[in-house]
Amino acid sequence: MHIQTPAPGLYDELFDENNRVRPHCRMLEQWLEKSDEGLIAEKRREANVLFQRLGITFNVYGEDQGADRLIPFDLIPRIISASDWQKLQAGLKQRVHALNKFLFDIYHDYDIVKAGVISAEQVFANPQYQPGMQALKLPRNLYSHIAGIDLIRHNDGDFYVLEDNLRCPSGVSYMLENRRMMMRLFPELFAHSSVAPVDQYPNLLGETLRAASLKPDPTVVVLTPGRFNSAYFEHAFLARQMGVELVEGADLFVHQNKVYMKTTVGPQQVDVIYRRIDDDFLDPLAGNPQSMLGVPGLYSAYRTGNVVLTNAMGTGVADDKSIYPYVPDMIRFYLDEEPILKNVPTWQCRKQKDLQYVLDHLDELVVKEAQGAGGYGMLIGPTASKKEISEFRSLLRARPDDYIAQPTLSLSTCPTFVDEGVAPRHLDLRPFVLSGKKIQMVPGGLTRVALKKGSLVVNSSQGGGTKDTWVLEADL
Amino acid sequence: MMLSRSAFSLFWMARYLERAESQARLLDMSLTMALIDVPEDRVEQLSVPLLVSGATETFYQFHQQITPQNLLDFLVLDERHQSSLFSMIRNARDNALHVRGNLSADVWESVNQAWLDMKELRKQGITESNASQVFDWVRERSHMFRGAAYGTLLRNDAFHFLRLGTLMERADTTARVLDIRYVMAMKTMDENSTQSFFEWTAVLHSLAAFEAYQNTYGHELEPMKVAELLILNPDLPRSLRSCLKDIALLLEEIEGETGRRSRRAASSLAANLRYGDKEYIAERGLHEYLVDFLDRIEGITSQIRNDFMGWK
């Protein structure tokens with residue numbers, strides 16, 4: 001099969017700058033060369049049928065409720081060399097470690113604010129800051145037990161952190177199911193390579209959740225908003241893999257500041273809730289009173305220390321895009337180490353000087369809402385129309401505090417099956433970091449790929465797909 | 001120990017699938033009988049599945065008269081009411097989705113596949129010419145579900161509630177079908193003996209008991225023997241007695257002491273069947289006997305709901 005070579009000036013995961021196959025990808029390239037299109041087309045159909053049958057589907061907000069869609073799955077894996085992974089892993093653990101220390105600090109001693117590293121206003125006036133969390137003692141001082149960090153590889157070949165997800169990061173089920181699918185479709189590929197396994201993730205997650213409580217054998221549940229949530233499949237998947245109950249708000253109740261689930265043998269106390277519901281919807285008495293998803297009295301039980309929430313409430317302040325520029329300083333401040341991973345240079349529109357720069361360079365920058373997620377409400381300057389740019393100009397002038405801007409990064413590309421054959425498409429990477437007794441990761445993550453030619457938007461809600469992510473155990 | 005809501009989702013998932021299987025058998029038989037029967041009795045044959053599912057009134061909201069095509073449209077593919085195979089399989093799948101964590105991959109996939117196939121079927125539509133294939137497909141799906149459940153599920157409370165759903169539905173269906181078809185068959189007894197033969201085989205075929213009858217009683221079809229087989233036979237999986245025996249056993253298996261009242265109600269009904277005889281049924285009158293049975297089954301269902309979900 002013919003593989004289109006990448007456009008010049010971009011980093012490609014398979015080809016180097018001279019269009020030679022990178023050594024650690026040779027085995028994949030040889031396999032692609034000798035596979036014919038008919039076979040691949042057949043395997044793609046098989047994968048789609050299997051995903052439908054397994055029910056690996058997601059719902060898109062704003063579409064028919066219950067309309068099951070498949071996230072397009074691309075059969076060509078994205079390969080990360082062992083040496084790249086070692087650096088990534090060390091950098092991610094370092095970063096999450098510092099972020100957890102930051103969360104503890106801003107709800108207890110405020111050292112980082114007192115030291116003048118971050119202004120008080122930016123922390124305490126942040127809408128994601130939860131004053132109710134102040135001075136609350138949490139086991140092991142942990143806030144974000146499960147973090148998903150979005151990275152991209154720039155044309156200099158380095159990984160950059162694009163975004164930290166410290167609230168309810170999703171996507172790990174696709175990492176696991178994509179691998180399972182690849183092993184099923186192409187067992188011969190795995191026989192000839194040393195791909196590090198990822199299927200221990202549910203075990204590590206279970207260990208992390210149990211470690212979130214100080215009880216010796218805590219009862220853990222996964223709390224889901226229900227089957228209409230876009231990530232319901234994942235909630236059910238993880239609960240099943242860990243062997244714990246998947247509960248909805250209506251299955252729990254609070255009595256004398258303790259949380260119980262309703263079971264066939266009567267009420268059973270719950271110690272750890274892996275909640276996949278946003279802070280505001282957890283307890284109608286404390287947050288959004290309209291919420292039907294949460295549990296009345298949960299907040300009070302949490303404050304009393306009778307139940308652990310993973311992740312903790314109030315972690316959103318640390319993954320906010322306006323706090324993001326300070327993460328390298330946090331690493332220096334709390335760990336006294338130099339950051340291993342790079343941050344993307346970021347202009348904070350709240351600062352007059354930065355705002356002016358952004359307004360002057362809108363056609364080259366990516367502008368994002370500081371609170372936004374899911375690829376909504378952003379401007380990609382180089383591909384935007386004049387009208388979109390002028391719309392954003394007025395938005396920025398009206399509410400500068402709500403926006404940040406970054407240079408348009410050239411996300412790396414990887415050969416991908418598309419209508420025109422095998423062609424390079426842009427991708428990102430979301431590995432998951434688990435913090436319990438220690439910080440743990442599985443070698444891998446979710447690779448999202450923008451299927452439209454030239455597109456930089458990888459979100460599944462915007463037409464992105466996924467790939468299996470291979471971390472090699474050793475570089476040849 | 002399991003979540004109350006999960007227990008009920010498992011119960012209803014299995015119940016809807018069993019209901020779909022029964023309805024497929026019943027429809028298949030009714031369409032066949034309508035072909036055999038004299039024209040003036042065709043409507044009566046076709047109305048049996050509506051009577052069993054209690055959907056006659058709803059049917060006439062959407063259709064003027066009972067024809068094979070109207071019946072198929074209504075009881076197979078119509079999503080506007082709960083008595084179509086489409087709705088049953090959708091409900092089963094919705095419940096399965098709630099309890100994916102309690103299901104093996106095989107069981108989940110069997111239910112999910114049924115739903116995916118059903119969505120395809122609805123695009124194609126159903127007519128008399130493909131109806132039998134559709135009914136075969138429903139039966140196969142139901143068997144596959146049961147096979148996956150037996151072959152892959154832990155014998156824990158999830159399994160017990162799932163089996164309870166199947167058996168409660170099955171007992172209910174056997175009683176309803178027998179009640180309705182028995183009366184129809186009795187009417188033909190004095191008239192034409194060929195017609196009568198078909199009527200009695202229809203009772204048995206609708207409940208997958210034709211071969212069992214022949215094995216037990218030989219070829220001659222006698223009304224009281226048909227009733228005896230379907231009510232009192234200990235070995236026939238769809239007889240009331242064997243359903244109740246298993247229901248009582250399953251309730252015993254469920255962990256904890258919260259289910260005492262359901263156990264008592266089920267064991268008592270099981271004992272009535274275990275020590276019952278056809279003379280008592282004849283004395284009581286079959287219809288009255290079955291109406292009483294259906295009341296008690298309904299009572300057990302609501303007792304199960306109270307015992308395992310009713311506490312606050």
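**Exercise 1.** At roughly what angle do the axes of helix 2 and helix 8 of chain B cross? Describe the packing of this helix pair.

*Solution.* The model is predicted.

Step 1. Locate the helices: helix 2 of chain B covers residues 42–53, and helix 8 of chain B covers residues 157–187.

Step 2. Take the axes. They come within 10 Å and cross at roughly 155 degrees.

Step 3. Classify the angle. Angles over 145 degrees count as roughly antiparallel, so helix 2 of chain B is roughly antiparallel to helix 8 of chain B. The crossing of the two helices is right-handed.

Step 4. List the contact residues. Helix 2 of chain B contributes Glu44(B), Val48(B), Leu51(B) and Val52(B). From helix 8 of chain B come Arg176(B), Val177(B), Ile180(B), Arg181(B) and Met184(B).

Step 5. Sort them by class: 6 are nonpolar, 3 are charged and none is polar.

**Exercise 2.** How many residues of domain 1 of chain B are in contact with domain 2 of chain B? State which helices supply the domain 1 side.

*Solution.*

Step 1. Set the bounds. The domain assignment gives domain 1 of chain B as 1–153 and domain 2 of chain B as 155–312. Their centres, taken over C-alpha atoms, are separated by 20 Å.

Step 2. Count the contacts: 26 residues of domain 1 of chain B touch 25 residues of domain 2 of chain B.

Step 3. Assign the domain 1 side to helices. Helix 1 (4–36) and helix 2 of chain B each supply at least two residues. The largest share, 17 residues, belongs to helix 1 of chain B.

Step 4. Sort this side by class: 18 residues are nonpolar, 3 are polar and 5 are charged.

Definitions and conventions: Residues are numbered from 1 along each chain as its sequence is written. Chains are lettered from A and ligands numbered from 1 in the order in which they are written. This is a predicted model: local features need pLDDT of at least 70, side-chain atom pairs count only at pLDDT 80 or more; totals for chains, interfaces and linings use all residues. Axes are lines fitted to C-alpha atoms, for helices over the stretch in contact, and angles run from 0 to 180 degrees between N-to-C directions. Helices (H or I, at least four residues) and strands (E, at least two) are DSSP runs, numbered from the N terminus. Angles under 35 degrees count as roughly parallel, over 145 as roughly antiparallel, 65 to 115 as roughly perpendicular and the rest as oblique. A crossing is left-handed if the near helix is turned anticlockwise from the far one by less than a right angle, and right-handed if clockwise. Two residues are in contact if their C-beta atoms, placed from the backbone, lie within 7 Å. Ala, Val, Leu, Ile, Met, Phe, Trp, Tyr, Cys and Pro count as nonpolar, Asp, Glu, Lys and Arg as charged, and the others, Gly among them, as polar. Domain bounds come from an automatic or database domain assignment.
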